[in-house]
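Colleague: Could you take me through one part of this model in some detail? I'd like to hear about a pair of packed helices and the space beside them.

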Amino acid sequence: MKKTAIAAAITLSALNISVASAETVKVGMLLPYSGVYAALGNEIEAGFDLGLKEFGAGLDIEIVKEDSEADPGKALAKARKLVLQDKVDVMSGIVSSAVAGALRDFVHGAKVPLMITNAGNDSVTGASCSPYISRFSFSNSQINRPMGQWMYDQGIRKVFAMAPDYTAGHEMIDSFKQTFEAAGGQVIGTEYTPFRKTKDFGPYLAKAKTSGADAVFTFYAGGEAISFVKQYDSFGLKADLPLYGSGFLTSPLYVKAEGSAAVGVKTVLHYVPTIDSEVNNKFVQEFQALHEGRAPSEFAVAGYDAAHALALAIKGGANDRASIASSISKVSFTGPRGAVEIDPATNNIVQPLYVYETVANGEALTQKVLAQLPTERDPASGCSM
Amino acid sequence: MFYQTSLRSFTLILFALGSIYAAFTAEYFGLEILTEILILAMVVLALDLVAGFGGMVSLCHGALAGVGAYSFAVLGTKFGLDPFISMLIAALVTGVISWIIGAVCSKTHGIYFIMATLAFGQMAYSFVFESSYLGGDNGMAGISRLDMSALGIDLFDARQFALLCLAVLIIAYLFSWRILTSGLGRSLVGLMHNEKRSRALGQNIVQIKAHVFALSGLILGIAGALSAQHIMFISPNLLAWTHSGEALVIVILGGLGTLIGPIIGAAAFVLLKHEISNYTDHWHLVVGAILIIVVMSGARGIYGEIENRLAQKRRKSLVASDVELNKDR
Amino acid sequence: MDLGFWILQLLNALQLSMLLFLLSVGLTVIFGLMHFVNLAHGALYAFGAYVAASVASAMGYWAGVLVAPFAVAVLGLVLYQFLIKRMRSSGPMAQVLVTFGLIFALLDITRIVWGDLALALDVPELLSGRIAIGSVEYPVYRFFVMAVGLTALVVLHLTLTKTQIGAMIRAGVDNDKMAACLGINVERLFFIVFCVGCALAGVAGAVAAPLLSVVPEMGLDILIPTLIVIVIGGLGSLKGAIAGSLIYGFVQTFGAVFAPQLASVMIYVLLAGVLVTRPSGLFPAKGG
């Protein structure tokens, strides 16, 4: 199912191009299919496949999948295999930022376009940017930058920040801190908790409570987010100390596990399934039809938009590494998130951001969009291409 | 007691020939797998040295190889030292740290020893993860390979690098053989069988254990440096305890206490893992099941089982011929 | 930081200790009696959490918490009959490795049966909310966890010291061959202890689930803390389990308060320190 190339069922049988011809565009999907990030890997792939189905009909695309295991060493070996042995024209995927870091020099040197569908480390489209690496998800700083001003505009003046102690955690908090303090606010305390080793946030929540802040701003994802949100609620902090953060805290992918604890949490993210636009409604409906009524998350939309961009590039005539790389850098279209484009200065996606509140909808949870923040473009920050 | 039997030599030569064959016939990914097997084989060889012959089951061997990798990387990228010198220093650093761990843990036994080594491994992991100098969770890139152009060898070619790893593995094996047949090695095995007796004989338990652990560490340092050169990128992931757990599994899978067994085990494990993951994402299940079966059928491992069966056959035939000889008495 | 803050942290430490105690006591008694470290204990804990979450989504929290220990005990029964019993005569390393293989197998089975996405288990109505202690408010549910742990401690202590079966178990831990000579059915004792140990892991999983998240790797994540607890405390004794749990709980909690960066290393330094000075842990069942 993995190594053998799967001809994505988008080739119309009439064209009958099952044999890989010179026109076939080979895509190498490098995602974690096992391990801690397997849920994200599968979600991104679901979005990608739907995107190809939607926009790649009639195109001759062949996908080769490899499991990155979210391990930089193993992912690099598989990347080399995809590039040197399978001779893919373009690579897509990458959930873990560490893996992105490991792949960067290789991809750049081999001149193979890489479309990143999750890894958020700033450096990949910053100091370590490359004309061959484009990102369709987000950068850590990008998501949180506008939240500083927004929270200040809500009347919040003192914030206690918390995040896991690794690069993403630091980048997310730093970016928020910069704009919040520039607006006139004050981050009166910051706690970085041991990454993936903290199960009990009790000690840290106690610190937050006694800090005297108006609100708490955090970034957590996955299992840590679930534990954090539930424990935050159990300590009854939400009433006096409202919880804000990066949208990964209450991502549609796992907010259900948080239950009523997530209600009232306000976060900022580049996508929620309740964005009211024709394009998004269609996307959500199609996704739900394929996935037992489950709404798509921000991870799925990254895969979806990447597939869309690739299809656009191929339709525009690109069919090999060099042409795909240059075409991808120039794409712009309207997707479920809104109007998006790739910024040729950094190759990072330029996208609107949404502040949303998690609300109860009967038994289920849904996202109520509170504000659509203007399109956020990353500054060059060390990138020169 | 360690004897380099003809079967073991035969298996080693067979393995070497197989590797050379694979090196020349495999495509790119095949060479990647081969190199992965060879470097892993060095780590499990080092582990068998202490676990199979010293009874010291260590859960920090993966982390120690990681220490070697990081030492090599730092010396190369931060201090600009020549890769060859960096490798030697990295091996020494790992050896010294291993000596300390071996000495400190020498008084513990069984599960306590395992946990103690785990503790040190985790300390190393945490240290590397938190250290921004070492790149933290982003890891370190820009690692270069040895320069053997003077000998006309280009190590940036995957095939030649794989052959280098094979050569180093064989040297490591011969080195371990030498250790085990020396006075130190024999003392170690005696210690494993009966520590009280060794102490009664006046042997310095702490020193014996520490020395062997250190020698094992030298091998790990080289393996780590090679691993860093292979991927040309390192991250704290290298020091995760699960790698040490995997190494232990491989040693058992191959055959504890045979020295060549774990090397075969490494090949079997890596190949198996890759084959299975072609069919399913749930290769953990298959590996777990296989491990259970192997352990339950005598825990002798693949090579150990072969050795055992052949030994039984020989014994039977010896008994038979003995009966033959005595028949007419 | 006022008194309220310290009370809060003290309670946090106690709660974490009790949770770890529930997990470690099963593991340590199994070792004490059968001389075998069941590394799959973490996987059993995860299984308990998953079963509790599944049952709870259909029949409510209390049903989940009651069914989980039984389900895990049944799983333990199956594992014992088909795996553990056959390994009784092999060395300890073989037993450790079999359970290591079990971890892998159970991890993927969990992924296959329940999928990769996290499951939800909510705190029941009765236990949600907070109790005010002076100036601080502490979640009722965390008190519940402490209560469950304490109850387990008391029940086990009474069983071991005051009942005949407890005496038999203690005899078995001291010297199983001698106990067998005296007519105690040691095999059956092992079986009972093993199943009870598994049930305790199930209770720990069910009770922890509303606090932490129910994800496939939760078993692996909790394994190392559990092992640290029983090694520091000393294998085979109840006293060791409670001592180890308290030490771990307090070091983790107050470490987080004073120096979060060091918190992750501190416990390992402590572990190494204990093992160097007391190679068999603090209160092992069978003397140093």
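Modeller: Here is a walk through one helix pair and then one cavity. Bear in mind that this is a predicted model.

Let's start with α2(B), residues 28–51, and α9(B), residues 205–231: their axes come within 8 Å and cross at roughly 165 degrees. Angles over 145 degrees count as roughly antiparallel, so that is how α2(B) and α9(B) run relative to each other. The crossing of α2(B) past α9(B) is left-handed. On the α2(B) side, the contact includes Glu32(B), Thr35(B), Glu36(B), Ile39(B), Met42(B) and Val43(B). From α9(B), the partners include Phe213(B), Ile219(B), Leu220(B), Leu226(B), Ser227(B) and His230(B). Sort the residues of this contact by type and you get 13 nonpolar, four polar and two charged.

Now for the cavity. The structure has five cavities of 30 Å³ or more, and the second largest holds about 740 Å³ of space. It is lined by 36 residues, and the closest to its centre are Lys74(A), Glu36(B), Ser227(B), Leu238(B) and His243(B). You've met two of those already: Glu36(B) and Ser227(B) also belong to the contact between α2(B) and α9(B).

Which elements build the lining? Those giving two or more residues are α2 (72–85) of chain A, plus α2, α3 (61–78), α9, α10 (241–254) and α11 (261–279) of chain B. The largest share, seven residues, comes from α2(B). By type, the lining of this second largest cavity splits into 16 nonpolar, eleven polar and nine charged residues.

Conventions. Residues are numbered from 1 along each chain as its sequence is written. Chains are lettered from A and ligands numbered from 1 in the order in which they are written. This is a predicted model: local features need pLDDT of at least 70, side-chain atom pairs count only at pLDDT 80 or more; totals for chains, interfaces and linings use all residues. Side-chain values use heavy atoms; hydrogens and water are left out. Axes are lines fitted to C-alpha atoms, for helices over the stretch in contact, and angles run from 0 to 180 degrees between N-to-C directions. Helices (H or I, at least four residues) and strands (E, at least two) are DSSP runs, numbered from the N terminus. Angles under 35 degrees count as roughly parallel, over 145 as roughly antiparallel, 65 to 115 as roughly perpendicular and the rest as oblique. A crossing is left-handed if the near helix is turned anticlockwise from the far one by less than a right angle, and right-handed if clockwise. Contact means heavy atoms within 4.5 Å. Ala, Val, Leu, Ile, Met, Phe, Trp, Tyr, Cys and Pro count as nonpolar, Asp, Glu, Lys and Arg as charged, and the others, Gly among them, as polar. On a 1 Å grid over the protein atoms alone, a cavity is a set of points where a 1.4 Å probe fits but cannot get out, and a pocket is an open set with protein on both sides within 12 Å along at least five of seven lines; lining residues have an atom within 4 Å of a point. Grid points are joined across faces, edges and corners, and a volume is the space filled by probe spheres set on the points.
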